[in-house]
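Open your viewer, load the model and keep the selection tool at hand. We will go from stop to stop, picking residues and looking at what surrounds them.

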Amino acid sequence: MNRAFQVLMGLADPVLISLGKGRYYKETSGLMLDVGGYMKALEYACGVEAEVVGKPSPEFFRSALRELGVEAHQAVMIGDDIVGDVGGAQRPSDEHHPEVKADGYVDNLAEAVDLLLLHADK
């Protein structure tokens, strides 16, 4: 972290790019600090604002839709992070909600597939 700080401070016009801004994630061994904590520390220390190019950036999801050749209303986002996965994938009109809300919850990917197949014709 200190080396990243030194590099940024040594630049005339520093740019900080982050692949996400997650706070933590869960491993089998327990909770792990995600990239967001490091990003926020560098933002604060260097006085710069990071550009998030991964989740939950809406552009990250729009680029995936373009690559797949589908519209947002034709896609379903399945993820394990309510803010990073679901929040970034929601339609622009959903961004004004005070809290991110998922359309459904499942315990595993098999249940998600079953739910998608159940509603595929709707």
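What follows is a walk through a predicted model, one selection at a time.

**Stop 1: the two domains**

Start by colouring residues 1-53 as domain 1 and residues 55-121 as domain 2, the two parts into which the chain is divided. Where they meet, the contact takes 5 residues from domain 1 and 4 residues from domain 2. If you place a marker at the C-alpha centre of each domain, the two markers lie 25 Å apart.

**Stop 2: a nonpolar core**

Now select Leu8, Leu16, Met39, Leu42, Cys46, Val48, Ala50 and Val52, the 8 residues of the largest nonpolar core. Which helix gives the most to this core? It is H2, with 3 residues.

Stay with cysteine 46 for a moment and show what surrounds it. Setting aside neighbours within four places in sequence, cysteine 46 is in contact with Phe5, Leu8 and Met9. Leu8 is itself a member of the core you have just selected.

**Stop 3: two more residues of helix H2**

Next, pick glutamate 43, which is also in helix H2. Is this glutamate buried or exposed? Glutamate 43 counts as buried because its relative accessible area is 13%, and the cut-off for buried is under 20%. Show its contacts, leaving out residues up to four places away in sequence, and you will find Leu16, Val48, Glu49 and Ala50. Of these, Leu16, Val48 and Ala50 belong to the largest nonpolar core.

Then move along helix H2 to alanine 45. This alanine is partly exposed, with 39% relative accessibility. Beyond its neighbours within four places in sequence, alanine 45 is in contact with Phe5 and Met9, and both of those residues also touch cysteine 46. For a sense of scale, draw a line from the C-alpha of alanine 45 to that of leucine 65: the separation is 35 Å, although the two are 20 residues apart along the chain.

**Stop 4: serine 18 on strand E1**

Select serine 18, which sits in strand E1 (residues 17-18). With a relative accessible area of 5%, serine 18 is buried. Not counting residues up to four places away in sequence, serine 18 touches Val35, Met39, Ala50, Glu51, Val52, Val53 and Gly54. You have already met Met39, Ala50 and Val52 as members of the largest nonpolar core.

**Stop 5: lysine 55**

Go on to lysine 55, in the loop between strand E4 (51-52) and H3. Lysine 55 is partly exposed, at a relative accessible area of 36%. What does this lysine touch, leaving aside neighbours within four places in sequence? The list is Leu19, Gly20, Lys21, Phe60, Phe61, Gly84 and Asp85. Try the distance tool here too: lysine 55 and methionine 9 are 26 Å apart, C-alpha to C-alpha, and 46 residues apart in sequence.

**Stop 6: helices H4 and H3**

Two residues from that list, Gly84 and Asp85, lead us to helix H4 (residues 82-89), where they are buried together with Val86 and Gly88. The buried residues of H4 pack against helix H3 (58-68), so show both helices together.

While H3 is on screen, click on glutamate 67, which is found in that helix. At 71% relative accessibility, glutamate 67 counts as exposed. Its C-alpha is 26 Å from that of glycine 36, with the two residues 31 places apart along the chain.

**Stop 7: the second largest pocket**

Finish with the second largest pocket, which has a volume of about 570 Å³. To find it, select Gly22, Arg23, Tyr24, Asp81 and Gly84, the closest to its centre of the 19 residues that line it.

Which elements each supply at least two residues of the lining? They are strand E2 (24-27), helix H2 (35-46) and H4. H4 gives the most, with 4 residues. Colour the lining by residue type and you will see 7 nonpolar, 3 polar and 9 charged residues.

To end, bring back the domain colours from the first stop. The lining of this pocket draws at least three residues from each of domain 1 and domain 2.

How values were computed. Residues are numbered from 1 along each chain as its sequence is written. This is a predicted model: local features need pLDDT of at least 70, side-chain atom pairs count only at pLDDT 80 or more; totals for chains, interfaces and linings use all residues. Side-chain values use heavy atoms; hydrogens and water are left out. Buried means under 20% relative accessible area, exposed over 50%, partly exposed in between (1.4 Å probe, protein chains only). Contact means heavy atoms within 4.5 Å. On a 1 Å grid over the protein atoms alone, a cavity is a set of points where a 1.4 Å probe fits but cannot get out, and a pocket is an open set with protein on both sides within 12 Å along at least five of seven lines; lining residues have an atom within 4 Å of a point. Grid points are joined across faces, edges and corners, and a volume is the space filled by probe spheres set on the points. Ala, Val, Leu, Ile, Met, Phe, Trp, Tyr, Cys and Pro count as nonpolar, Asp, Glu, Lys and Arg as charged, and the others, Gly among them, as polar. Domain bounds come from an automatic or database domain assignment. A nonpolar core is a set of buried Ala, Val, Leu, Ile, Met, Phe, Trp, Tyr and Cys residues joined through side-chain atoms within 4.5 Å.
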